[in-house]
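Subject: Structure handover and findings

Hello,

Here is the structure for your project folder. Please open it first, then read the notes below it.

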Amino acid sequence: MYKKKKFTAIIPARAGSKGILNKNILKINKYPLISYTIEAAKQAKYIDEIYVSTDGAKIAKVSRDFGAKIIQRPKNISDDKTHADSAVTHSIKYI
C-alpha cells in the first residue's frame, strides 16, 4: 500500500504460444518462466495483489503455486491476434 492506495499487478500469460511451445511454464534454471515475473511482482515495494490472466490450466496451477491469483481468460481474447491490453481490460473489470 502506498498513500492509502492499493496496487495490483496483472500478468497476462496466454497458453498456446506459437513461437516457443508452453513458454510460460518452461523451466529456466529449475523454475517456470512465469514464476520469475510473479516473484518480481512479490518483491515490488508497492504491489499488494498479483493476478495472472490466463486461458491455460497448467499456467494457472503454476501461477497459483507461486502465490498469484488467477483470472480465467475467455477464449474470445485468447488467440494469436489478441493484444495484451484486451486481457488487462478484462482483468480490471473482473477485479
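A residue counts as buried when its relative accessible area is under 20%, as exposed when that area is over 50%, and as partly exposed in between. By that rule, 33% of the 95 residues in the protein are buried. Please keep in mind that this is a predicted model.

**Overall build**

The protein has three helices and five strands. Read from the N terminus, the order of elements is β-β-β-α-β-α-β-α. The C-alpha trace spans about 40 × 35 × 20 Å along its principal axes. The radius of gyration is 13 Å, which agrees with the value near 12 Å for a compact globule of 95 residues.

Contacts reach far along the chain. Take those between residues at least 6 apart in sequence: 57% of them join residues at least 24 apart. The protein exposes about 6,500 Å². Carbon and sulfur atoms supply 56% of that area.

**The tyrosine pair and its patch**

How many aromatic pairs does a search of the whole structure find? The search finds one. Its members are tyrosine 31 and tyrosine 36, with ring centres 6.4 Å apart and planes at 85°. Planes over 60 degrees apart count as edge-to-face, so this pair is edge-to-face.

Tyrosine 31 sits in strand E3, which covers residues 31-32. Its relative accessible area is 45%, so tyrosine 31 is partly exposed. Tyrosine 36 has 37% and is partly exposed too.

Both tyrosines also belong to a nonpolar surface patch. Ile28 and Leu33 complete that patch. Together, the four residues have about 350 Å² of accessible area.

**Salt bridges**

The structure holds three salt bridges. I take them one by one.

Glutamate 39 pairs with lysine 42, and their closest N and O atoms are 3.1 Å apart. Both residues lie in helix H1, residues 33-43. They are three residues apart, about one turn of the helix. Glutamate 39 is partly exposed at 29% relative accessibility. Lysine 42 is partly exposed as well, at 41%.

Lysine 61 pairs with aspartate 65, at 2.8 Å from N to O. This bridge also lies within a helix: H2, residues 57-65. Here the two residues are four apart, so about one helical turn separates them. Aspartate 65 has a relative accessible area of 53%, which makes it exposed.

Lysine 69 pairs with glutamate 49, again with 2.8 Å from N to O. Which parts does this pair tie together? Lysine 69 lies in strand E5 (residues 69-72) and glutamate 49 in strand E4 (residues 49-54), so the bridge links parts that are 20 residues apart in sequence.

Is each partner of that bridge buried or exposed? Lysine 69 is partly exposed, with a relative accessible area of 40%. Glutamate 49 is at 19%. The cut-off for buried is under 20%, so glutamate 49 counts as buried.

**In short**

There is one aromatic pair, and there are three salt bridges. Two of the bridges to look up are glutamate 39 with lysine 42 in helix H1 and lysine 61 with aspartate 65 in helix H2. The other, lysine 69 with glutamate 49, joins strands E5 and E4.

Best regards

Key
Residues numbered from 1 in each chain as written. Predicted model: local features only at pLDDT ≥ 70, side-chain atom pairs only at ≥ 80, totals over all residues. Heavy atoms only, no water. Patch = residues over 30% accessible without salt bridge, like charges linked within 9 Å, V, L, I, M, F, W, Y side chains within 5 Å. Areas by Shrake-Rupley, 256 points an atom, 1.4 Å probe, with all protein chains shown as cover. Salt bridge = Lys/Arg side-chain N within 4 Å of Asp/Glu carboxyl O. Buried < 20%, exposed > 50% of the residue type's maximum accessible area, 1.4 Å probe, protein only. Rg over C-alpha atoms; globule rule 2.2 N^0.38 Å. Contact = heavy atoms within 4.5 Å. Phe/Tyr/Trp six-rings, centres within 6.5 Å; stacked < 30°, edge-to-face > 60°.
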